[in-house]
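Student: I would like to learn how to read a model with two chains, going from overall shape to single residues. Could you take me through it step by step?

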Amino acid sequence: MIIIGGGLTGLRAALQISNSGLSGALISKVHPLRSHSVAAQGGMNASLGNVPGDDGASDDWKMHAYDTVKGSDYLADQDAVEKMCNEAAATVYELEHMGTVWSRLENGKIAQRPFGGAGFPRTCYAADRTGHNALHTLYEQVLDRNFPFYEEFFVTSLVKDRGRCIGCTAIEIMTGKIHGFISKAVLMATGGFGRVFNRSTNALINTGDGLALALGAGVPLKDMEFVQFHPTTLYGTNILMSEGARGEGGILVNSQGERFMEKYAPNSVDLAPRDVVARSIEQEIREGRGYDEGYVHLDLTHLGFDRIMERLPGIRQIAMDFAGVDPIKEPIPVQPGQHYSMGGIDVDINGSTILPGLYAAGECACISVHGANRLGGNSLLETVVFGRLVADTIINDINNFQKPDILPIESAVNDVESKIKEVMERKKGANIFDVKDEMTELMFQKFGIFRNGQRMEKGLNEILKMEDKLSELTPNNKDLAVNQTLIQFLELEGMLKIAEVVAKGAIKREESRGSHMRTDHPNRDDENFLKHTLIGLEDKNLNIKYKPVTLGMFEPKERVY
Amino acid sequence: MKIKVYRDHDGMKNSRYDTFELEPKPGLTVLGALFQFQQNFDDSIAFHYSCRGAVCGTCAMLINKVPRLACRTQVASLLNGDLKIPLSPYPAIEENVEWDSKEEVLVEPLPHLPVIKDLIVDIGKFFDYYKDIEPVFKPADSTPEKERLMDPGSIPELELYTNCILCAACFGSCPIDDSDPEYLGPAALAKLYRFYIDPREENGIERLKIADIPLGWWDCKFHGNCRRVCPKDVPPLIAIAKAREQLEKEGEDL
């Protein structure tokens, strides 16, 4: 089997596949350690109960599930949430057993801190470098098993034969050669599409390639209108300033010196969920209570040198390197920025797509544990839990699959070669990078934190015009080896399609829920919209359908923080 | 200001330097300058990038003759002369290129690794050495039901080494990796030490013996370039000195 993507999900799946004795390979457009998982700061949620709650109460996985479902504005599928929260403790322990150096309490147990929207201090962390530590641990494990990696291979298409996914094609970036990969199963683990937006915390590589590939293979994308904007990204570069900063006691302050979150979320204050805090900051800025350049302050100065150095050394370094601000001495300028893609490839509870042989897990998938808004600390958890569980699904399914035929792979390689030849032979048209910049700016302006129907319709028209322009774009560089402009062109094709899906889903969802805030439809509308959006390609057109949300333990209620 | 970039790829007889002029806006990093070069001057330029936030370790290159992460390096600070780092000499950092450090930023590929194209080097050897030291956790006991307990006091020393992002800046700065290309290098040795001091491991001297070879612990001459260029303040020198001490002690005991 083939795993596409070498972040936490892909590596955890590779470990499972390797342990099962199946043969497989992992394809990634970057070295696995350069995957965006490495940048996750704050932590991983699990109801270990190592730190008691306010009144001495002990945490359990059902409370975790409740917080997750409430945080999702009731759009998450509760069977999936249940599965994830139930597996959470075992997942944190598993990483510990593989060598991850988690931060510790005085009694030697794994430390946990409060995070937004959580009723308990539930977030396990390795200082503010949790993703880095977890990714290195899993990489060490997979490397130790000699699992084959195809590094710096950019996947160009999924190959289908007789209604099944039987592999993929990929361009080897360093040589420009097109390769075919044949397999009984393909697991998509390519992460999010944050770079569709210009203000994003995401790595530059997060261009949603896996989503575009699945869409192109006829698999629908789910709930793509739900895009998380993180409240605190560093002004200027939009690098993440972890929610852990507020978990450790950091506060948000506007230009009048007011702790404005007291007004928007009287109970949770600075630790309300991300959608609530991001909107509050944006509103402060729009109403003139931000700083002129469009930011507010994240103040950690009262935490003191020792606490910052022990718990938040990474974000201190980032603030100093990229904004010239030392958080020990002065507040950090922050503004909301795109952070996470709640939507993704539509999969069932086992991680299977509607295309037999194709599976997806992690941020590129929408198994729907996050619904309309993800809680901090739940994404690292999702990656490792479902990297393992979806690999298990594949291990179970794979014996029922016939040996795939090589001919369709060869023909797919030819198709990609012809397509690339055609792109390279085009006459010079518009600048690829200009179109990309135009798209990312448009997406933040028209499909950002506050949305409305008219503006989004205009935005969609612009996206369609840009898609028309694609056929005129070509790199100046005509070499095939190490042609990063060609790779960026291929990424851009997928990103524009994803932008169109986000736009259509957002326009049709005439309500406000979680991260999707419509000023023209400010309330949640369970009667009409307590359902998942599914957008798929049919005869080259995007077609919208809906499907019900799996409820269960928790009935939808108004969300108050 | 100008950015002066090393260019080398298949089909070129000799490498050359291309110079591109751009506005040094506040906050402009060397990586940002390279993207401007790509977008506005020549889209065939090749360089590695991913996180742009100094955490993924992919964009280490030789900037003004010092190995650094391109994404973390502010152009304005380079032009002000604030980022000068004195290094023990080795061939790649000799002043063999004409460049005006008040006006220009000089960008070259990371030394000690073969160039694939322009600023992209083949990192394979660096990861081979990393793999040679068996970088995988080997616990002393069988797997418990919950977590193994760890004294929080043991964490800060471990974090010194787990913070390594494997960017290879140290490898590109090490005079020994220039003269002895088979030397395991600072990052691999620091990684090995990280496992050695993990209190959950057996802490056996066997771990250290993996690099008890001439081209391991014993080849370092304590130039200290590795520590000076590390974007994460990892101290390979301390690891190497302590490992030698342990191995020498073991030798005396026998």
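Tutor: We begin with the inventory of chain A, which has 16 helices and 22 strands. This is a predicted model, and what follows should be read in that light.

Student: How does the radius of gyration of chain A compare with the value that the globule rule gives for 561 residues?

Tutor: The idea is to set the spread of the C-alpha atoms against the value expected for a globule with that number of residues. For chain A the radius of gyration is 22 Å, close to the 24 Å that the rule gives for 561 residues, so chain A is as compact as a globular protein of that length. Along the principal axes, the C-alpha atoms of chain A fill a box of roughly 65 × 50 × 50 Å. Buried residues make up 62% of chain A, and of its contacts with a separation of 6 or more, 74% are between residues 24 or more positions apart.

Student: What does the same reading give for chain B, with its ten helices and seven strands?

Tutor: The radius of gyration of chain B is 20 Å, close to the 18 Å from the globule rule for 254 residues, so chain B too is as compact as a globular protein of its length. Its C-alpha atoms fill a box of roughly 60 × 40 × 35 Å along the principal axes. Buried residues account for 47% of the 254 residues in chain B, while 68% of the contacts between residues at least 6 apart in sequence join residues at least 24 apart.

Student: Into which domains is chain B divided, and how many residues of each are in contact with the other?

Tutor: With domains, one reads the bounds, then the separation of the centres, and then the contact itself. Chain B is divided into domain 1, residues 2-120, and domain 2, residues 123-253, and their C-alpha centres lie 29 Å apart. In the contact, 21 residues of domain 1 of chain B meet 19 residues of domain 2 of chain B. On the domain 1 side, β3 (60-63) and β4 (66-69) of chain B each supply at least two residues, and the largest share, four residues, comes from β4(B). By class, that side of domain 1 of chain B has 16 nonpolar, three polar and two charged residues.

Student: And what are the domains of chain A, and how many residues does each give to the contact?

Tutor: The assignment for chain A gives domain 1 (233-335) and domain 2 (416-531), with 30 Å between their C-alpha centres. Four residues from domain 1 of chain A and five residues from domain 2 of chain A take part in the contact. The side of domain 1 of chain A that touches domain 2 of chain A has one nonpolar, no polar and three charged residues.

Student: How many residues of chain B are in contact with chain A, and which element of chain B gives the most to that side?

Tutor: The contact between the chains brings 38 residues of chain B together with 46 residues of chain A. Both β6 (115-117) and α4 of chain B supply at least two residues each to the chain B side, and α4(B) gives the most, with four residues. By class, the side of chain B that touches chain A has 17 nonpolar, ten polar and eleven charged residues.

Student: Which residues of α10(B) are buried, and why can they be said to line one face of the helix?

Tutor: One looks down the helix axis and asks where the buried residues point. In α10(B), the buried residues are Pro236(B), Ala239(B), Ile240(B) and Ala243(B); they fall within an arc of 95° about the axis, so they line one face of the helix. These buried residues pack against α4 (155-162), α5 (169-173), α7 (186-196), α8 (205-209) and α9 (225-229) of chain B. The face turned away from the buried side carries the exposed residues Glu245(B), Glu248(B), Lys249(B), Glu252(B) and Asp253(B).

Student: Where is Ser368(A) found, and is it buried or exposed?

Tutor: Most residues other than glycine have a negative phi. Ser368(A), however, has a positive phi near 65°; Ser368(A) is found in the loop between β18 (365-366) and α11 (378-397) of chain A, and it is buried, with 28 other C-beta atoms within 10 Å. In chain B, Arg52(B) has a positive phi of about 55°; Arg52(B) is found in the loop between α1 (30-40) and β3 of chain B, and it is buried, with 26 other C-beta atoms within 10 Å.

Technical notes: Residues numbered from 1 in each chain as written. Chains lettered and ligands numbered in written order. Predicted model: local features only at pLDDT ≥ 70, side-chain atom pairs only at ≥ 80, totals over all residues. Domains from an automatic or database assignment. Contact = placed C-beta atoms within 7 Å. Nonpolar A, V, L, I, M, F, W, Y, C, P; charged D, E, K, R; others polar. Buried ≥ 20, exposed ≤ 12 C-beta atoms within 10 Å, placed from the backbone. Arc of directions from axis to C-beta. Rg over C-alpha atoms; globule rule 2.2 N^0.38 Å.
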